[in-house]
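Student: I should like to understand how the terms used for a protein model are justified. May we go through them one at a time?

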Amino acid sequence: MARLNDNYLKLKAGYLFPEIGRRVKVFSEANPEAKIIRLGIGDVTQPLAPAVLKAFHDGVDDLANTDDFKGYGPEQGYEFLIDALIEKAYKPLGVELKKSEIFVSDGSKCDCANILDIFALDNKVAICDPVYPVYNDTNVMVGRTGEADDKGYYEGLTYLACTEDNHFTPAIPDKKVDIVYLCYPNNPTGAVATREDLKKWVDYALANDAVIFFDAAYEAFITEPGIPHSIYEIEGAKRCAIEFRSFSKTAGFTGVRCALTVIPEELMAETGNGEKSSLNKLWNRRQSTKFNGVSYPVQKAAAAVYSEEGWTQVKETIDYYMENARLIREGLEAAGLTVYGGVNAPYIWLKTPNGMSSWDFFDKLLSECHVVGTPGSGFGPSGEGFYRLSAFGGRENVLEAIDRIKKNLA
Ligand SMILES: *Cc1c(COP(=O)(O)O)cnc(C)c1O
């Protein structure tokens, strides 16, 4: 009989969102008249920007005539999109990238997972706790870990606690790791890293020959000046960091699918014989073999995000979500809750009142306010006692949800 990959059996069976769904279903069946407001899952709700939509349509029309028809595109992405990213996404930050350093893909989730293909299994890996579950679970899937303990920590991974005490920016590990995942602005805590915070990580990585996987999926939501949008704004980062970016949250592409990964040419890792070798070349080889590129109309749409008109419109939607975030944050603070995030990220990370557990608070808001968020403990043991609300809802729902929570806690 064929053998399956036993590593998958170590995973806690997709617990968080199915369990939320189960509890919501039980409640709504018992209370069919309740109008439930969902501010849980991190998905966007507002339509694509008109300029982006037009470019998308034009891209489809190109496929209708022989002269403009496109078949397979470059596995790395079309030059028109890579050029737009170099000029509009990175140059304004003072970051100069070469065309060969950007790889367009159909999502950051898959890139964050697939990147493990080009690293040896015996690398020591550190992830934050709480964390975007993809980083943890993909390391389990490839076989880098043992079993999970009672708390949910997998043997062999280093967990960096992000707590109220350290303002959700973890301390640099006191031991040597080879790979560290960082996500700023952070999902789920909404925390950001300052230039000084990131410099510490870059210095650590350079001193330890480590590689940083920097997930910048939410960089477009930074509102405060001075907060880095890219790890490459930090001197030396091109020698130690891979950056992931996505159009998903930035421009409402969660259903359209487009993202990018940056691997600078000077980023090296060690071969089995102790020689230095280019990760950029290896990733290019990996993508050319296992990936056939993002569809042409999607890349046309993505490039339009960085047109003058496109960016103005995309920014309006981001501002709309960040106004939601402000309303949620200020509303909950007025209700007496301790609240984090929501200033440079579309997530509000609130401390549950009176030391309530994350799931108890979830049940309370569901049954008493008919509002659904995400229990913090679902993102890792250090998320216990916290609860995440997303700012991606429609304005009316956000206002209604906050009003109900305020009245409930008053
Ligand atoms: C939403 C999200 C992404 C984006 O994933 P896509 O596959 O590009 O949609 C990446 N990282 C984090 C932390 C996210 O929350």
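**The ligand and its pocket**

Tutor: The ligand sits in the largest pocket. The model is predicted: local features need pLDDT of at least 70, side-chain atom pairs count only at pLDDT 80 or more, and totals for chains, interfaces and linings use all residues. Residues are numbered from 1 along each chain as its sequence is written, and side-chain values use heavy atoms, with hydrogens and water left out.

Student: What makes a place a pocket, and where does the ligand sit?

Tutor: On a 1 Å grid over the protein atoms alone, a pocket is an open set of points with protein on both sides within 12 Å along at least five of seven lines. A molecule sits in a pocket if more than half of its atoms lie within 2 Å of its grid points. The ligand sits in the largest pocket.

Student: How many residues surround the ligand?

Tutor: The ligand is surrounded by 14 residues, and the closest are Asp-215, Tyr-218, Ser-246, Ser-248 and Lys-249. A residue is near a molecule if one of its heavy atoms lies within 4 Å of it.

Student: What makes the pair formed by Asp-215 and the ligand a polar contact?

Tutor: A polar contact is a pair of N or O atoms within 3.5 Å. A polar side-chain atom of Asp-215 lies 2.7 Å from a nitrogen atom of the ligand, so the pair meets that definition. For Ser-248, a polar side-chain atom lies 2.6 Å from an oxygen atom of the ligand. At Ser-108 a backbone N or O atom lies 2.7 Å from an oxygen atom of the ligand. The protein covers 93% of the 390 Å² of accessible area that the ligand has on its own (Shrake-Rupley method, 1.4 Å probe).

**The chain as a whole**

Student: Why is the protein chain called as compact as a globular protein of its length?

Tutor: The chain has 12 helices and 15 strands (DSSP runs of H or I, at least four residues, and of E, at least two). Its radius of gyration, taken over C-alpha atoms, is set against the globule rule, 2.2 Å times the number of residues to the power 0.38. The radius is 22 Å, close to the 22 Å that the rule gives for 410 residues, so the description holds.

Student: What is notable about the phi of Arg-257?

Tutor: Arg-257 is not a glycine, yet has a positive phi of about 80°. Most residues other than glycine have a negative phi. Arg-257 lies in the loop between H7 and strand E8 (259-262).

Notes: Polar contact = N/O pair within 3.5 Å; in protein donor to acceptor, adjacent residues only side chain to side chain. 1 Å grid on protein atoms, 1.4 Å probe; cavity = no way out; pocket = protein on both sides within 12 Å on 5 of 7 lines; lining within 4 Å.
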